[in-house]
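Welcome, and please load the model in your viewer. We will go from one selection to the next, with a short note on what is there at each stop.

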Amino acid sequence: MITLEGLFVSVIIFLLAYAFWRHLGIGQIALAAAKTYTERQGVSLLDQSVHLQKIRLSKGRSSLFDLTRTYEFEFFTRGDKRYLGWVVMIGRKVKSLDLQPYVEELNEIH
């Protein structure tokens with residue numbers, strides 16, 4: 001028979017697992033947005049990954065609050081210098097996507 005304590009612990013574990021699963025899904029959305037954006041800008045996404053930089057509470061559109069996540073990624077042009085980019089997500093929606101200013105490098109052979 002399930003006790004009240006056992007039920008409470010089970011619910012907490014379920015909620016934590018759901019939050020983790022949802023967080024991973026939002027990271028995949030951010031990665032897809034970064035890939036698409038860098039391709040459109042004519043630069044290359046490095047490591048095919050985004051990294052969570054910051055998470056905070058913010059006012060949601062359809063709810064009292066939502067989580068705003070800022071992901072960071074690296075990209076390059078044609079040279080060997082790495083630049084930074086950021087994807088800001090509110091819930092499962094992309095709020096903004098920015099790239100660090102960069103200089104288009106030409107690889108010339110003399």
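Which strand gives the largest share of the lining of the largest pocket? Keep in mind on this tour that the model is a predicted one. The strand to select is β5, residues 93–99, which supplies 3 residues of that lining.

**Stop 1: the pocket**

Now select the whole lining: K59, G60, R61, S62, S63, D66, I90, K93, V94 and K95. These residues surround a volume of about 210 Å³. Colour them by class and you should find 5 charged, 3 polar and 2 nonpolar residues.

**Stop 2: the helix**

Next, select residues 4–41, which form helix α1. How far apart are the end C-alpha atoms of α1? They are 55 Å apart, and this agrees with the 56 Å that 38 residues should span at 1.5 Å a residue.

Stay on the helix and highlight I26, G27, A30, L31, A33, A34 and T38, the buried residues of α1. Then show what lies over them: the cover includes β1 (44–45), β3, β4 and β5. Just after the helix, click on G42, where phi is positive, at about 80°.

**Stop 3: the loop between β1 and β2**

Move on to D47, which sits in the loop between β1 and β2. Phi of D47 is near 65°, a positive value in a residue other than glycine. Is D47 buried or exposed? With a relative accessible area of 51%, D47 is exposed.

Q48 belongs to the loop between β1 and β2 as well. Q48 is not a glycine either, yet its phi is positive, about 45°. Its relative accessible area is 44%, so Q48 counts as partly exposed.

**Stop 4: the strands around β3**

Select β3, residues 66–76, and bring in its partners one by one. β1 pairs with β3 in the antiparallel sense over 2 bridges; to see the register, look at L45, which stands opposite F75 in β3. β2, residues 51–58, also pairs with β3 in the antiparallel sense, over 7 bridges. There, H51 stands opposite E72 in β3.

With β4, the pairing of β3 is again antiparallel, and it runs over 8 bridges. Find T68 and look across to I90 in β4, which stands opposite. You have met I90 before, in the lining of the largest pocket.

Now centre on T70, found in strand β3. Why does T70 count as buried? Its relative accessibility is 15%, and buried means under 20%. Among residues more than four places away in sequence, T70 touches H51, L52, Q53, K54, W86, V87 and V88. While you are on the strand, a general point may help with the view: in a regular strand, side chains alternate between the two faces of the sheet.

**Stop 5: the hairpin**

Follow β3 to its end, where a hairpin of 6 residues joins it to β4. How many residues along the chain separate K81 and I26? Select K81, in the loop between β3 and β4 (83–90), and draw a distance from its C-alpha atom to that of I26: these residues are 55 apart along the chain, and the C-alpha atoms are separated by 28 Å. I26 is one of the buried residues of α1, whereas K81 counts as partly exposed, at 46% relative accessibility.

Technical notes. Residues are numbered from 1 along each chain as its sequence is written. This is a predicted model: local features need pLDDT of at least 70, side-chain atom pairs count only at pLDDT 80 or more; totals for chains, interfaces and linings use all residues. Side-chain values use heavy atoms; hydrogens and water are left out. Helices (H or I, at least four residues) and strands (E, at least two) are DSSP runs, numbered from the N terminus. Buried means under 20% relative accessible area, exposed over 50%, partly exposed in between (1.4 Å probe, protein chains only). On a 1 Å grid over the protein atoms alone, a cavity is a set of points where a 1.4 Å probe fits but cannot get out, and a pocket is an open set with protein on both sides within 12 Å along at least five of seven lines; lining residues have an atom within 4 Å of a point. Grid points are joined across faces, edges and corners, and a volume is the space filled by probe spheres set on the points. Ala, Val, Leu, Ile, Met, Phe, Trp, Tyr, Cys and Pro count as nonpolar, Asp, Glu, Lys and Arg as charged, and the others, Gly among them, as polar. The expected span of a helix is 1.5 Å times one less than its number of residues. Contact means heavy atoms within 4.5 Å. Two strands pair if DSSP finds at least two bridges between them.
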